[in-house]
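This report considers charged side chains, the pairs they form, and the enclosed and open spaces of one protein model. Please keep the sequence and the structure in view while reading.

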Amino acid sequence: MSELPLNIEIDHSLNGLKTWAEKLSDHEPLFILTDSNTRKCCLPVLKGLSVAFEKAVIIEIPAGEKSKTIHFLLEILEKLSTHQASRKSSLVNLGGGMICDIGGFAASIYKRGIPCVHVPTSLLAQLDAAIGGKNGVDFMEYKNLIGTINFPEKVFVSEKFLETLPDQEKRNGVAEALKHGLIHDRNYWDIIKNDPLKNTTSLIHTSIQIKVFFVTRDLFEQNIRKKLNAGHTVGHAIESWKLETETPISHGEAVAAGLIMESYLSNQLGHLASEELKEIEQVIFPLFGKVDLNGYNIDDLISRMKQDKKNSTRRISFSLIRKIGEASFDDHCEDELISKAFKYYVS
């Protein structure tokens, strides 16, 4: 495939990554950020590509969303400084969405910015998290409250890293792929809704193209890029709450629940037809099941939504599906209706 916009390269062999590494200066240290899983499973792949990766300084943080914090951000920055990273040093983020988010953030603020490269190793990261330049960490119980929009030098996507992933982990990415169909492409939704993991190659290519469509038209999320947040206003609130309860759920599960509840909101506002709401439920529930919301506090969840970055005038903003294949942004819902959506989902 020819090079995509935003310097994205899809190549199972990772020849592009090898070529990139071989052009690096021997005089500047190279850094690779991994987590405890990707260091074991994915780092050997990079080391087999180039001597540059064998000589790189490895920065490792624990796997999981709990590592996407200021504490571990400071650890990354400290390692960069200790090993004398210059503004010409590069940071390779080898991992899933968490690594791409925190690594991209570290690179964007260290010495006012150093080059970084994303090598996403999960389906979720390959078709969503690594694309679009969003970086950040969670703060004060809120998802991605601190961060930047800063684009990596390159993104190298390879299905090689998906070979050892269980289907449950791949389904994290499926939630975002389904969202892409819901907000932009009815035909894509129809193709993937029954067996989304049948052809991951097509899934990756199409979802990246859809995300690039929005990002290139609205780099800093002032208007239509907000549509990509469908399912995320509710989903992020649930995800951050579950992280606190010591029963964390995956980002994909949270977004799947968010898509159903926000589709209900759209239906109640007179936009999404009831038969399409039912279709969305019939696709998502068999794939993801129902998130256990036992003991949820609606006031707490609404409070979390009020910290969402898309909000303005102190009102919660949603990106709602108007019909399958089309979405809007900057839709507002009252607290009472949001509460009703949670009750609908639980029942």
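What follows describes salt bridges, the surroundings of one aspartate, a cavity and a pocket, all in a predicted model.

**Salt bridges**

Side chains of opposite charge can pair when their charged atoms come close. A search of the whole structure finds 25 salt bridges, and three of them are set out in the table below.

| Salt bridge | Closest N to O distance |
|---|---|
| Asp 138 and Lys 68 | 3.8 Å |
| Lys 211 and Asp 128 | 3.2 Å |
| Arg 322 and Asp 331 | 2.9 Å |

In the pair of Asp 138 and Lys 68, which meet in a salt bridge, Asp 138 belongs to strand S6 (residues 134-139) while Lys 68 sits in the loop between strand S3 (57-61) and helix H5 (70-82), so the pair ties together parts that are 70 residues apart in sequence. Asp 138 has a relative accessible area of 12% and is therefore buried, since buried means under 20%. Lys 68 also counts as buried, at 2% relative accessibility.

The salt bridge between Lys 211 and Asp 128 links helix H10 (residues 200-217), where Lys 211 lies, with helix H7 (residues 123-129), where Asp 128 lies, so this pair ties together parts that are 83 residues apart in sequence. Both Lys 211 and Asp 128 are buried.

What is the exposure of each partner in the pair of Arg 322 and Asp 331? Arg 322 is partly exposed, with a relative accessible area of 30%, whereas Asp 331, at 10% relative accessibility, counts as buried. Elsewhere, salt bridges that share partners join Glu 65, Lys 68, Asp 101, Asp 138, Lys 143 and Glu 239 into one network.

**The surroundings of Asp 101**

Asp 101, one of the members of that network, is placed in helix H6 (residues 97-109) and is buried, with a relative accessible area of 13%. Its side chain makes a polar contact with the side chain of Lys 68, at 2.9 Å. When neighbours within four places in sequence are left aside, the residues in contact with Asp 101 are Lys 68, Ala 129, Lys 134, Asn 135, Gly 136 and Asn 144.

**The largest cavity**

The model holds three cavities of 30 Å³ or more, and the largest cavity has a volume of about 110 Å³. Among the residues that line the largest cavity are Glu 141, Tyr 142, Lys 143, His 236, Arg 304 and Asp 308; Lys 143 is also a member of the salt-bridge network. Strand S7 (142-149), helix H11 (232-244) and helix H14 (298-305) each supply at least two residues of this lining, and H11 gives the most, with four residues. By residue class, the lining of the largest cavity divides into three nonpolar, four polar and five charged residues.

**The second largest pocket**

The second largest pocket has a volume of about 310 Å³. Of the 17 residues that line the second largest pocket, Ser 25, Asp 26, Glu 28, Leu 30 and Ala 52 are the closest to its centre. Helix H1 (15-22) and helix H4 (51-54) each contribute at least two residues to the lining of this pocket, and the lining as a whole is made up of eight nonpolar, four polar and five charged residues.

Conventions. Residues are numbered from 1 along each chain as its sequence is written. This is a predicted model: local features need pLDDT of at least 70, side-chain atom pairs count only at pLDDT 80 or more; totals for chains, interfaces and linings use all residues. Side-chain values use heavy atoms; hydrogens and water are left out. Buried means under 20% relative accessible area, exposed over 50%, partly exposed in between (1.4 Å probe, protein chains only). A polar contact is a pair of N or O atoms within 3.5 Å; within protein, one must be able to donate a hydrogen and the other to accept it, and residues adjacent in sequence count only if both atoms are side-chain atoms. Contact means heavy atoms within 4.5 Å. On a 1 Å grid over the protein atoms alone, a cavity is a set of points where a 1.4 Å probe fits but cannot get out, and a pocket is an open set with protein on both sides within 12 Å along at least five of seven lines; lining residues have an atom within 4 Å of a point. Grid points are joined across faces, edges and corners, and a volume is the space filled by probe spheres set on the points. Ala, Val, Leu, Ile, Met, Phe, Trp, Tyr, Cys and Pro count as nonpolar, Asp, Glu, Lys and Arg as charged, and the others, Gly among them, as polar. A salt bridge is a side-chain nitrogen of Lys or Arg within 4 Å of a carboxyl oxygen of Asp or Glu.
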